[in-house]
Amino acid sequence: MSLLHLAIISPLILAIFIPFVHKTFPKIHTGWFLLPLPVLLFAYFLSFLSTTINGQTTMETLAWIPTLGINFTVRLDGLGLLFAMLITGIGALVVLYSIYYLSKEKEKLNQFYVYLLLFMGAMLGVVLSDNLIVLYAFWELTSFSSFLLIGYWNHRERSRYGAQKSMLITVFGGLSMLGGIILLYLMTGTFSISEAIVLADVIVNHELFTAALLCFLLGAFTKSAQFPFHIWLPDAMEAPTPVSAYLHSATMVKAGIYLVARLTPIFALSGLWIWLVAGIGILTLFWGSFNAVKHTDLKGILAYSTISQLGLIMSLLGLGAASLHYSTIDAGFYTVAVSAAVFHLLNHATFKGSLFMMVGIVDHETGTRDIRNLGGLMTIMPITFTIAIIGAFSMAGLPPFNGFLSKEMFFTGMLRAQEIGFFNMGTLGILFPIIAWVASVFTFIYSMIIVFKTFTGKFQPEKLKVKPHEAPLGLLISPVILVSLVVIIGLFPNLVAPLINTVMASILPGMEFDVHIYHWHGFNTELFMTIGVILAGILLYKFMPKWTGVYTRMPERFSFNSAYDNGLAAIQKGANRFTNAYMTNSIRTYLIYIFAFFIFTLGTTLIVKNAFTLDTSNVASIHAFEVVLVVIIAVGSISILFAKSRMTTIILLGAVGYSVSLFYAIFRAPDLALTQLVIETVSVALFLLVFYHLPKVSRHEETRQFKMGNAIISVGVGVVVTMIALSAHSGKAFDSISQYYIENTYKKAAGENMVNVILVDFRGFDTLFEIAVLAIAALGIFSLIKLRLTRGKEQ
Amino acid sequence: MMKTNNVILETATKVIVFIILLFSVYMFFAGHYEPGGGFIGGLMASGAIVLLLIAYDIKTVTTILPFDFKKVTAVGLLFAAGTAAGGLLFDKPMLTHWFTYVNPPLLGKMSLHTAVLFDIGVFLVVVGVTMTIIQTIGESE
C-alpha cells in the first residue's frame with residue numbers, strides 16, 4: 001500500500017474514530033478533529049503539482065482481486081489532481097464552515113462528520129481510481145453517503161423525500177454505469193481505463209460500442225444532474241447548507257463531468273458521443289437557467305443554477321471532443337472548448353461554493369431563505385453582501401472575475417461548433433451559440449436576483465424570525481477564501497493555465513497545448529455577445545413582473561417532478577395491482593397456476609421435441625382379473641367425483657385403496673399389499689375422524705359445482721402424465737439393475753425377502769430417513785393438537 | 001366415552017390381542033426371509049393396542065402399557081441410527097451389516113444379522129408414531 005492509497009482511504013479510517021472522539025470530548029466541536037485531515041491531504045496533493053505539470057503521471061497498484069483483473073490502481077494525472085485538490089481544498093473549507101454552522105448541542109455531529117468523511121474518501125477514490133470496478137465501488141459510496149447527508153435531518157419529511165429521490169436516480173445511473181463497465185470489459189478484456197484508452201480504435205468499431213456509450217452517459221448524466229435527470233438536485237437542497245455547498249455544487253455533481261472527461265479519449269471518436277454530451281449539456285444549461293429565475297428560495301435558485309452550469313461544462317466537453325477527429329494542427333482550433341470546460345469547472349467550484357456558504361449565512365442569521373421576505377441586508381451584513389456580489393457577478397460572467405473569462409471562452413467554443421465539418425454540425429451547430437446566449441441572459445438575471453433581492457430594497461424585519469446581524473468570523477472565513485480565489489483567478493488567470501494544460505493533456509491524450517487566457521481579446525463576437533447578455537439581462541430584470549407570467553403558463557403537472565412522482569406512484573400502484581391480481585390467497589387459484597404450468601411445460605416439450613412414442617413390443621399380456629380390478633378402480637375413482645355426501649367419498653376412497661392392495665397382491669408384491677391394506681385402514685379411520693369433527697355450521701352436504709376450467713386442467717394433467725408414462729415405458733434405454741439384487745440377496749445379505757433386504761440392507765439409508773419422517777409427522781400432530789397457544793389467548 | 005358394559009368385546013379382546021401380537025412378532029422375525037418386516041410388524045402391534053383402546057379406554061390402556069410413545073419413537077430412531085453408525089466403528093461405511101450363521105442345539109441352523117437390530121428400530125418407530133397419533137387425537141376434545 002502506497003502513501004497515495006493511504007491518502008484516499010484516510011477519510012474512511014478517520015470515520016471509524018469519529019464516534020469515539022465525539023463521545024470522549026463532548027465539549028469540543030467534533031469538526032475540529034476532522035479539519036486537519038483535508039488540510040493535510042490538500043497539502044499532500046499540492047506536492048504533486050509540479051511533477052504533474054511536467055507531464056508525469058503517478059501510478060500505484062494494490063492487488064485486490066487480481067484473478068478477476070480488479071486491482072486498486074491509483075492513477076494521478078492532471079485531471080485526477082485537479083479534482084483531488086478541489087475535493088480536499090473545498091472539503092477543508094466546508095468542514096471549517098460547518099463547525100460554525102452546526103450547533104454542537106443540537107445536532108448529532110458524530111453522524112454528520114462520519115457521513116462527510118465517507119463522502120470525501122469515496123470522492124477521492126472516484127477521481128483517482130484507474131480501475132473501473134474500484135471506481136464504481138467508490139461511485140456508489142458517494143451515492144450512499146450523499147443519501148445519508150441529504151437525509152441528515154431525517155425528522156423532516158422533505159429531507160427524506162429528497163434523499164430517496166436522489167438515491168433512486170443516482171443509483172439507477174450508477175447501475176447502468178456498471179453495465180457500461182462490463183460491456184467495456186467485454187470489448188477490451190481489461191478494467192483499466194488507461195489500458196482501454198490505448199484500445200480506443202478497437203472499441204469504436206465494436207458492436208457493443210453504442211450500448212456501452214449509452215450506459216456510461218446515463219451514469220454520468222444522472223450523477224451530474226443533466227436534463228432530464230436534474231430533478232433530484234433541487235430536492236437535495238433539504239440537506240444542511242455545508243453539504244449543499246460541498247456535494248451539490250463543488251464535488252459530487254462533478255463526478256459525472258469527471259467521468260465524461262475521463263472517458264472522452266475512449267468514446268469521443270463517435271459522433272453520437274459528441275452530439276449527446278454537447279446536446280444534453282446545452283439543453284440542461286438552458287433549462288436550468290430558465291427555471292432558476294422562477295424560484296424564490298435562494299437554495300432553489302442555486303440548485304437550478306448548479307444544474308445549468310454543469311450543463312455548460314458538459315456541452316463544452318462534448319464540443320471539445322471534436323478535436324480528436326483532427327490532426328494535431330487543426331485540432332487546436334476546437335480544444336478551446338475543453339480548456340473552457342476545465343477552467344469553468346474550477347471557477348464554478350469557487351464561486352458556487354462561496355454562494356452556498358453565503359446563503360447559509362443569510363439563512364443562519366435571518367431564519368429564512370425566501371427572497372420575498374429578505375431585502376435591505378446590505379448595511380446589516382456588509383461582508384456577506386461583498387461575498388454575494390463577487391460570487392454572483394462571477395457567475396453572471398462579469399469582468400473582472402473569473403466567471404467572465406470562462407464565459408468568454410465558452411462563447412468561443414460555442415461559436416466554433418458550427419465549423420465542425422461533420423455529424424451535421426455545420427447546419428445544426430448554429431443552434432449552440434444561440435441557446436448559449438439565451439441561457440446566459442437568464443444566468444445574468446438570476447445572479448442579479450440573488451444579490452439584489454436579498455441585499456437591497458426594503459428591509460422587512462417583521463418577516464424575519466430573528467434579528468439579523470453580521471455573521472461570526474468563523475462562518476465568514478471559508479467564503480472569503482473562496483471569493484478571494486474568484487478575484488485572484490479573475491485577475492491573474494494564467495496562474496492556473498499550466499494546470500489547465502495538464503488537465504487537458506489527460507482529457508485529450510497525445511496533443512500539445514498552450515493555454516493562455518487573455519483579459520482583453522479585442523472587439524470580437526464573444527465580447528459583443530457578453531455586452532448583449534448584460535443589456536438584455538438588465539432590461540429583463542427591470543421588467544421582471546411583466547414577463548414572469550410565462551412560468552405560470554407551464555402547468556405543474558407536465559413538469560419532470562410530477563412525472564417522477566406520478567411515475568413512482570404508478571409503479572407502486574401497478575405492482576400492487578399486479579400482485580393483487582394473481583396473489584388471490586386462494587389455494588385453488590395457486591393450484592391452477594401450478595397445474596397449468598405443469599401441463600404447458602411438459603405438454604409443449606412433448607410436442608416440440610416430438611417425444612411421444614408408443615411401443616407395444618415389451619408389453620405383458622393382460623389377464624381378465626386385471627381388467628376387472630381396473631374397472632373397479634376406475635368406477636370407484638369416477639364415482640368419487642360425483643358422490644353427493646362426503647361419507648360416500650371416504651368409503652369410495654377406501655375401496656380404491658383396497659383395490660390397489662389387491663393389485664399389489666396379484667402383481668406379486670406381498671409386502672406392499674400388507675402395508676397398503678393396513679395403511680389404507682388407518683387413513684380411512686382418520687378421514688372418518690376428521691369428517692365427524694367438521695363444524696356443524698358448514699356441514700350441510702353440497703354437491704360440487706362443475707367448473708369447466710378445472711375439468712380441462714384435470715383432464716390435461718391426466719393426459720400429459722399418461723403420455724409421459726407411455727413414452728417412458730416405450731423408450732427404455734437400459735436394462736434394469738435388479739439382476740444384481742436377485743443374485744446377491746442371499747449371498748451377500750443373508751436374506752430371502754428381497755424387498756426387505758433392499759429396505760434394511762442395500763438401501764437402508766432411505767429407510768433411516770423415512771422413519772425419521774414418520775417421527776416428525778407424529779411429533780407434528782402431537783404439537784399441533786397439544787400446543788394451542790393462540791386459542792388459549794383468545795379465551 | 002363409552003360407559004356401556006361391553007363384556008363380549010372385552011373378553012374377545014383379551015384373547016385376540018395376544019394372537020395379533022404374536023402375529024406381529026412373527027411378521028417381524030420372518031421379515032428377512034418371508035413377506036413382513038419391521039414396518040408391517042410395527043403396524044400390526046399397534047393394531048393390537050388400538051383394539052385394546054377400542055375395547056377399554058385410554059386410562060386403562062395407559063396403565064396396562066405405561067409407555068410414553070414419543071419416547072418409544074426416539075428409542076427406535078436411536079436403534080436404527082446406532083446400527084447404521086455401527087459400521088463406522090469397524091472402519092466400514094455407514095449401514096454396513098454383519099451376519100453369521102450359528103447352530104445352537106434344538107433350534108438348528110439360524111443366522112445372526114445386524115439388519116434385525118435396524119429393523120427393531122423401524123418396528124419401534126412405527127409403533128411409537130402410530131400410537132402417538134392415535135392417542136393424541138383420541139385425547140383431544
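This is a short tour of a predicted model, stop by stop, for use with the structure open in your viewer.

Some housekeeping: residues are numbered from 1 along each chain as its sequence is written, and chains are lettered from A and ligands numbered from 1 in the order in which they are written. Local features need pLDDT of at least 70, side-chain atom pairs count only at pLDDT 80 or more, totals for chains, interfaces and linings use all residues, and side-chain values use heavy atoms, with hydrogens and water left out.

**Stop 1: where chain A meets chain B**

Select the residues of each chain that touch the other, taking contact as heavy atoms within 4.5 Å. You should pick up 36 residues from chain A and 37 residues from chain B. Together the two chains bury about 3100 Å², with 75% of that on carbon and sulfur atoms; buried area here is the accessible area (1.4 Å probe) that two parts lose on being put together, summed over both. On the chain A side, show A750(A), V760(A) and I771(A): they lose the most area to chain B, together 17% of what that side buries.

Now colour chain A by element, where helices (H or I, at least four residues) and strands (E, at least two) are DSSP runs numbered from the N terminus. Those giving two or more residues to this side are α31 (670-692), α33 (738-749), α34 (754-762) and α35 (764-786) of chain A. The top contributor is α35(A), with 14 residues. By type, the chain A side divides into 23 nonpolar, six polar and seven charged residues, counting Ala, Val, Leu, Ile, Met, Phe, Trp, Tyr, Cys and Pro as nonpolar, Asp, Glu, Lys and Arg as charged, and the others, Gly among them, as polar.

How many salt bridges cross the interface of chain A and chain B? The rule finds zero, a salt bridge being a side-chain nitrogen of Lys or Arg within 4 Å of a carboxyl oxygen of Asp or Glu.

**Stop 2: salt bridges in chain A**

Over all chains, the count comes to nine salt bridges. Zoom to R262(A) and D77(A), whose side chains meet in one of them at 2.8 Å, N to O. R262(A) sits in helix α14 (residues 254-267) of chain A, while D77(A) is in the loop between β2 (70-76) and α5 (78-101) of chain A, 185 residues apart. R262(A) counts as buried at 5% relative accessibility, and D77(A) is buried too, at 4%; buried means under 20% relative accessible area, exposed over 50%, partly exposed in between (1.4 Å probe, protein chains only). Add R75(A) to the selection, and you have one network of R75(A), D77(A) and R262(A), joined by salt bridges that share partners.

Next, pick D235(A) and R158(A), another salt bridge at 2.8 Å, N to O. This pair links helix α12 (residues 232-235) with helix α8 (residues 157-188) of chain A, its members 77 residues apart. D235(A) is buried, with a relative accessible area of 10%, whereas R158(A) is partly exposed at 41%.

**Stop 3: chain B**

Turn to D68(B) and K70(B), which form a salt bridge with the closest N and O atoms 3.3 Å apart. D68(B) is partly exposed at 31%, as is K70(B) at 26%.

To finish, select residues 12-33 of chain B: this span is 86% helix and 0% strand, and its end C-alpha atoms are 32 Å apart. Residues 110-134 of chain B are 84% helix and 16% strand, with end C-alpha atoms 37 Å apart.
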